[in-house]
Each structure stands twice: as structure tokens, then as C-alpha cells.
Amino acid sequence: ANTYANILKTLRVFYRDYLGREEIIEGFKFPARPFKAIIIPSKEDIQAFYQWLKKPLARALFLIYSTTGLRRKEVLNLRIGDIDFEKRMIIPRGNSSRTKKTWITFYNEEAEKALKKYLCSFQGLNKEERLFPVTEIYFRKRYKAFERERGIKISPQILREWFAYEMGRLGIPDRYVDAFCGRVPRSVLARHYTD
């Protein structure tokens, strides 16, 4: 249903915006999308997965996913120059779309230690070098193996949801959580800061 709806949306934009043929899209019927609840793992499950990971790269990657709220591709496309190590701040330069904006986020002290341990193996830090020179398969193999072994599902998307949940639990206002997760256009935050 989700795939079908996405195809219809694409066709709607094509016929309406590019061909100017709105009469064609009047008959489009969008399917009802089934609600699928996301089960957010407990803090203990998250910690168990972290302890289960052994390599410094996997641990650093996990902590960046779980402490920043960034999307899977945003993390994998990070360059070393996107990180302000002094402020523990990340400004991803990912490709933004109308609905997915990259803005700014931060990582915690635990992620900082894991990053330092991981980066100590680098021969000099080139700002244009990818922070994590792996594909998404690298992390997927690990979380699928953990799920088979322990029955706990953890993925980059689930870690992103967990991040948002934890921020809410800690009392961080929604507008900031949305900004960290790249859900708010920069102009909205710029207006907020000037008010």
C-alpha cells in the first residue's frame, strides 16, 4: 500500500505540475495505509546491542545513530569536516528535499569517546574523507544477527525513533527534537531565534 501510494504521488506531481493535466489525476484513488506501530526497544535492549558490538567502527556508528537522530544515509554520508569535535556538533551537508532537511545535531560524551577510539586508527584526518567508509550492509548485518540471536529488533530507523522518544522523555521541546531529526526547515528556526 505504501509503495502504491508513493507511485501515485509521483504520477500526480508529473501530470499536475509538468504536463498541466489535472483532469487525469482526479480519478486517482489512494489506498488506506495500514497503521504499523513502531516498537521502541528499552534502554537495556539498546545497551545490550551496544555491548554485543565489538569493533570500534560498529560502536561509533551505533552511537552516532542513537544519539543524533540523523537518518541512515545522513550518517553514512557524513564527512569528517561535518563534525565540530570541540562542541560535539554535527552539521550534515546531505541533500535536502522539500520534506527532509538536514540542519544541526549533537552527540553525547559516550559517542565522543567511541568516535575518538575509532578515529585513532586513521592516518591523519582529511576533512573530505567519509567518517564511516562503509555501506549500509555493514550495520544491517550486525543488527540482523543481533535480532536472530536475541529476538530484539534494532535498526537505524528504530534508533532514530528511540532518540526522539528519549529527547521527549528528557523534556526537550518538540521543535528542537524536530530540528535535530531534520524535520524543520531552517527558516522556521531562524524565525524562532529572532523572536
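The predicted model has a mean pLDDT of 86. Of the residues in the protein, 89% reach a pLDDT of 70 or more. Confidence falls below 50 over residues 189-195. Beyond near neighbours in sequence, this stretch has seven contacts in the model.

The protein contains 10 helices and three strands. Along the sequence, these elements follow the pattern α-α-α-α-α-β-β-β-α-α-α-α-α. The strands thus come in one run, with helices before and after. Of the 195 residues, 36% count as buried. The exposed area of the protein is about 12500 Å². Carbon and sulfur atoms supply 52% of that area. Contacts were also sorted by sequence separation. Among contacts between residues at least 6 apart in sequence, 60% join residues at least 24 apart.

Helix H1 spans residues 2-18 and has 17 residues. From its first C-alpha to its last, helix H1 reaches 23 Å. This is close to the 24 Å expected at 1.5 Å a residue. Just after H1, Gly-20 adopts a positive phi of about 65°. A nonpolar surface patch is formed by Phe-14, Tyr-18 and Leu-19. Together, these three residues have about 360 Å² of accessible area. Phe-14 is placed in helix H1. The relative accessibility of Phe-14 is 40%, so Phe-14 counts as partly exposed.

Helix H4 covers residues 56-68 and includes Pro-56. Pro-56 is partly exposed, because its relative accessible area of 36% lies between the 20% and 50% cut-offs. Pro-56 and Leu-115 are 59 residues apart along the chain. Their C-alpha atoms are separated by 8.0 Å.

A search of the whole structure finds nine salt bridges. One of them joins the side chains of Glu-23 and Arg-21, with an N to O distance of 2.5 Å. Both partners are partly exposed. Glu-23 has a relative accessible area of 45%, and Arg-21 has a relative accessibility of 39%.

Glu-136 forms a salt bridge with Arg-72. The closest N and O atoms of this pair are 2.8 Å apart. Glu-136 lies in helix H7 (residues 136-150), whereas Arg-72 lies in helix H5 (residues 72-76). The pair therefore ties together parts that are 64 residues apart in sequence. Glu-136 is partly exposed, with a relative accessible area of 28%. Arg-72 also counts as partly exposed, at 32% relative accessibility.

Glu-136 makes a salt bridge with Arg-140 as well, at 2.6 Å from N to O. Arg-140 and Glu-136 both lie in helix H7. Their spacing of four residues is about one turn of the helix. An α-helix has 3.6 residues a turn, so residues three or four places apart point the same way. Arg-140 counts as partly exposed at 32% relative accessibility. Arg-72, Glu-136 and Arg-140 are thus linked in a network of salt bridges.

Technical notes
Residues are numbered from 1 along each chain as its sequence is written. This is a predicted model: local features need pLDDT of at least 70, side-chain atom pairs count only at pLDDT 80 or more; totals for chains, interfaces and linings use all residues. Side-chain values use heavy atoms; hydrogens and water are left out. Helices (H or I, at least four residues) and strands (E, at least two) are DSSP runs, numbered from the N terminus. Buried means under 20% relative accessible area, exposed over 50%, partly exposed in between (1.4 Å probe, protein chains only). The expected span of a helix is 1.5 Å times one less than its number of residues. pLDDT is the predictor's confidence in each residue, from 0 to 100. Contact means heavy atoms within 4.5 Å. Patches are made of residues with over 30% relative accessible area and no salt bridge: like charges are joined within 9 Å, nonpolar side chains (Val, Leu, Ile, Met, Phe, Trp, Tyr) within 5 Å. Accessible areas come from the Shrake-Rupley method with a 1.4 Å probe; for residues, only the protein chains shown count as cover. A salt bridge is a side-chain nitrogen of Lys or Arg within 4 Å of a carboxyl oxygen of Asp or Glu.
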